[in-house]
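Hi everyone, thanks for making the time. I'd like to walk you through one model today, so let me put it up on the screen.

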Amino acid sequence: AGTMAGSLGQFLGLSRGHLEHPSRVFVMGNEAADLDSVASSVALAFLEHGLRGVPAVPLVNIPRADLRLRGEVVWLLHALQLPSEDLVFIDEVDLEKHCRQGPAKLILTDHNKLNKAQAALGPAVVGVVDHHPDE
């Protein structure tokens, strides 16, 4: 587990740099940003990068200030020695700007429909990994 956490930590440290890559892919969990949402977005971005060479950015779908309210996520990051500073939060990225600048790609994890405030991002969705019934 130490090797995997180390590799994951290295990926997270690099993933913020993917923000400006022209073929980057955002992997975004749901707006609850609970443990399965955050973990699935990070894990899928890690796999996309490691297995397919995709410049993937896991995106936490809450403002950074709200992370402290997600005790399970904070606990897991601490247990794996992953600094929360390496995560990218929804209030740190202008997704609509990225969509306007060129073919932005967005993969949804732990949800299959964008919320109303993010509905304009619909054309950017290229994939969904979810366990909920389709909406």
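Let's begin in the middle of the sheet, where β1 and β2 run parallel and pair over 4 bridges. Strands here are DSSP runs of E with at least two residues, helices are runs of H or I with at least four, and both are numbered from the N terminus. Two strands count as paired if DSSP finds at least two bridges between them. One such pair of facing residues is Val25 and Ala56, the latter in β2.

Before going further, a word on what we are looking at. This is a predicted model, in which local features need pLDDT of at least 70 and side-chain atom pairs count only at pLDDT 80 or more, while totals for chains, interfaces and linings use all residues. Residues are numbered from 1 along each chain as its sequence is written, and side-chain values use heavy atoms, with hydrogens and water left out.

Now the whole sheet. How many strands form it, and in what order? There are 5, in an open sheet that reads β3-β2-β1-β4-β5, with parallel pairing. At the edges sit β3 (88–89) and β5 (125–129), each pairing on one side only. For anyone who wants the reminder, strands of a sheet pair through backbone hydrogen bonds, either parallel or antiparallel.

Stay with β1 for a moment. It pairs with β4 in the parallel sense, again over 4 bridges, and Met28 stands opposite Leu108 of β4. Both faces of β1 are covered: Val25 and Val27 are buried on one side, Phe26 and Met28 on the other. By buried I mean under 20% relative accessible area; exposed is over 50%, and partly exposed is in between, using a 1.4 Å probe and protein chains only.

Next, β4, residues 105–109. Its partnership with β5 is parallel and spans 4 bridges. Across that pairing, Leu108 faces Val128, and Ile107 has Gly127 as its bridge partner in β5. Why is β4 described as largely enclosed by the rest of the structure? Because 4 of its 5 residues are buried.

On to the helix that lies over this sheet. α2 lies across β1 (25–28), β2 (56–60), β4 and β5, and runs at about 175° to β2. Contact means heavy atoms within 4.5 Å. The axes are lines fitted to C-alpha atoms, for helices over the stretch in contact, and angles run from 0 to 180 degrees between N-to-C directions.

Two residues of α2 are worth pointing at. Phe46 is found in this helix and is buried, with a relative accessible area of 18%. Its C-alpha is 6.7 Å from that of Phe11, although the two are 35 residues apart in sequence. Ala39 also belongs to α2, but it is partly exposed at 33%. The C-alpha atoms of Ala39 and Phe11 are separated by 14 Å.

Ala39 brings us to the largest pocket. A pocket is an open set of points on a 1 Å grid over the protein atoms alone, where a 1.4 Å probe fits, with protein on both sides within 12 Å along at least five of seven lines; lining residues have an atom within 4 Å of a point. Its volume is about 230 Å³, meaning the space filled by probe spheres set on the points, which are joined across faces, edges and corners. Of 16 lining residues, Leu8, Ala39, Val42, Leu76 and Leu80 lie nearest the centre. α1 (2–15), α2 (35–52) and α3 (71–79) each supply at least two residues, and α2 gives the largest share, 7.

Is that lining polar or nonpolar? It has 16 nonpolar residues, no polar and no charged ones.

Last stop, the loops. Ala33 sits between β1 and α2 and is buried at 1% relative accessibility. Beyond its neighbours within four places in sequence, Ala33 touches Val38, Val60, Ile62, Arg70 and Val73.

Two other loop residues have a positive phi without being glycine: Gln81, near 55°, and Asp110, near 60°. Gln81 lies between α3 and β3 and is exposed at 71%. Asp110, in the loop between β4 and β5, is buried at 4%.

That's my tour; thanks for listening.

Technical notes:
Nonpolar A, V, L, I, M, F, W, Y, C, P; charged D, E, K, R; others polar.
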